[in-house]
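Ready to practise reading a protein fold? Have the sequence and the 3D view open, and try each task before you look at its solution.

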Amino acid sequence: MEENPQIPEEQSTESWPRQAWAHLESVRAAAPLIQCITNFVSMDLVANVLLSAGASPAMIHSVEEIPEFTPKIHALYINVGTLTPDWLPAMKMAAEVANQCNKPWVLDPVAAGASSFRLRACLDLLKLKPTVVRGNGSEIMALFKGSVDQTSKGPDSTHDSTGDDVIGAAKSLSRSTGSVVAVSGAVDIVTDGARVVGSANGVPMLQKITATGCSVTALIAAFVAVDPSHPLEATATALSIFGLAGEVGMGRARGPGSLRAELIDALHGLDRDTVHRMVKIGNV
Ligand SMILES: Nc1ncnc2c1ncn2[C@@H]1O[C@H](COP(=O)(O)OP(=O)(O)O)[C@@H](O)[C@H]1O
Ligand SMILES: Cc1ncsc1CCOP(=O)(O)O
Ligand SMILES: [Mg+2]
């Protein structure tokens, strides 16, 4: 893949299903290299989701390797799911190197409101200007409020992504950080502080597979890698394509275990006709 693969400017005005297909095709054609500094629970699913979408994942997180490796990547993915103090310097170093090299980077603030250590770490990472932040409703609310969530259920959400409070928090967080902010849920919300779009693809059983949230954030990184000048569009189409793979996979699954495998197969096999017919993205 060349240094900075870009979707041609004119595609940004195409309809959402066409943009979704263009992004997926670009990922398949370009195989962007995605550096993932992610939690232990998610490493396997994140790598397999990226591979089935056509990207190349690399779980490389040591401070000894980042100065040499991060300049070669096409996007960086940072996820704080199993954070300990020894991981934070690598996350910050990788984000700084990505910024210096003009590479997009994406943050997943897993369970941001669960503890003050985790919240502080996420707020510090936000200062390093991620291109996109994707969390569930509770995670985005915790970042917006900047306070620990006394009712936190850890990585799971207790907030609806489409509540006025959550959409307002996402817009405000986007304006204060300069990052595109995405909130996953029954309808995924994506905002750049001015525009708000929603993706209605997905099935509720995705919540019953650990690391589907982590994986869709990694997919956002792959989509942003091939269209770095349109992070809102790339984020919305990544969320929709992942949800659509869940819908197709659900047709063949018997429960969360088989959905996990069917999701990977469906993402790998998605064709243009299915994407054009079934992508559901619109203004909110
Ligand atoms: N009620 C739902 N209906 C359909 N899809 C959903 C629903 N809730 C979550 N999803 C999808 O599941 C995936 C993971 O989202 P979510 O469970 O919110 O993330 P997290 O694991 O970070 O809490 C996303 O693709 C999202 O669109
Ligand atoms: C269960 C768990 N605990 C710490 S990280 C993690 C995985 C969370 O994955 P997701 O946020 O995608 O559900
Ligand atoms: Mg989850």
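Here are five exercises on helices, their packing and the residues around them.

This is a predicted model, in which local features need pLDDT of at least 70 and side-chain atom pairs count only at pLDDT 80 or more, while totals for chains, interfaces and linings use all residues. Residues are numbered from 1 along each chain as its sequence is written, and chains are lettered from A and ligands numbered from 1 in the order in which they are written.

**Exercise 1. The core**

Find the residues with the most contacts inside the largest nonpolar core, and the helix that gives the core its largest share.

*Solution.* Start with the terms. A residue is buried if 20 or more other C-beta atoms lie within 10 Å of its own, exposed if 12 or fewer, and partly exposed in between, with C-beta atoms placed from the backbone. A nonpolar core is a set of buried Ala, Val, Leu, Ile, Met, Phe, Trp, Tyr and Cys residues joined through C-beta atoms within 7 Å.

Next, look at the core itself. The largest one has 91 residues, and those with the most contacts inside it are Ile34, Ala75, Ala218, Leu219, Ile220 and Ala222. Its largest share, 11 residues, comes from helix H8 (residues 212-226). Helices here are DSSP runs of H or I with at least four residues, strands are runs of E with at least two, and both are numbered from the N terminus. As background, nonpolar side chains tend to be buried together in soluble globular proteins.

**Exercise 2. Two residues of H8**

Decide whether Leu219 and Val216 are buried or exposed, and list their contacts beyond the neighbours in sequence.

*Solution.* Take Leu219 of helix H8. Leu219 has 31 C-beta neighbours inside 10 Å, so this residue is buried. Two residues are in contact if their C-beta atoms, placed from the backbone, lie within 7 Å. Leaving out residues up to four places away in sequence, Leu219 touches Val49, Leu50, Ala53, Ala238 and Phe242.

Now turn to Val216, also in helix H8. Val216 is buried because 26 other C-beta atoms lie within 10 Å. Apart from neighbours within four places in sequence, Val216 is in contact with Arg134, Ser184, Ala238, Leu239 and Phe242.

**Exercise 3. H2 and its two partners**

Work out how helix H2 is oriented towards H8 and towards H10.

*Solution.* Axes are lines fitted to C-alpha atoms, for helices over the stretch in contact, and angles run from 0 to 180 degrees between N-to-C directions. Angles under 35 degrees count as roughly parallel, over 145 as roughly antiparallel, 65 to 115 as roughly perpendicular and the rest as oblique.

Helix H2 (residues 43-53) packs against H8 at an angle of about 40°, with the axes 9 Å apart. The two are therefore oblique to each other. From H2, the contact uses Leu45, Val46, Val49, Leu50 and Ala53, and from H8 it uses Cys214, Ser215, Ala218, Leu219 and Ala222.

For H2 and helix H10 (residues 256-269), the angle is about 25° and the axes are 7 Å apart. H2 is therefore roughly parallel to H10. Here Asn48, Val49, Ser52 and Ala53 of H2 meet Ile264, Leu267 and His268 of H10.

**Exercise 4. Ala234 and its helix**

Place Ala234 in a helix, then find how that helix, H9, lies against H10.

*Solution.* Ala234 lies in helix H9 (residues 231-250). With 34 other C-beta atoms within 10 Å, Ala234 is buried. Ala234 and Phe223 are 11 residues apart in sequence, and their C-alpha atoms are 5.3 Å apart.

The axes of H9 and H10 come within 8 Å and cross at roughly 120°. That is why H9 counts as oblique to H10. Ala245, Gly246, Val248, Gly249 and Met250 of H9 meet Leu259, Glu262, Leu263, Asp265, Ala266 and Leu267 of H10.

**Exercise 5. Positive phi**

Compare Asn102 and Ala211: which is buried and which is exposed?

*Solution.* Most residues other than glycine have a negative phi. Asn102 has a positive phi of about 60° although it is not a glycine. Asn102 is in the loop between helix H4 (88-100) and strand S4 (105-108). Asn102 counts as exposed because it has 9 C-beta neighbours inside 10 Å.

Phi of Ala211 is also positive, near 80°. Ala211 sits in the loop between strand S8 (196-199) and H8. Ala211 has 23 C-beta neighbours inside 10 Å, so this residue counts as buried.
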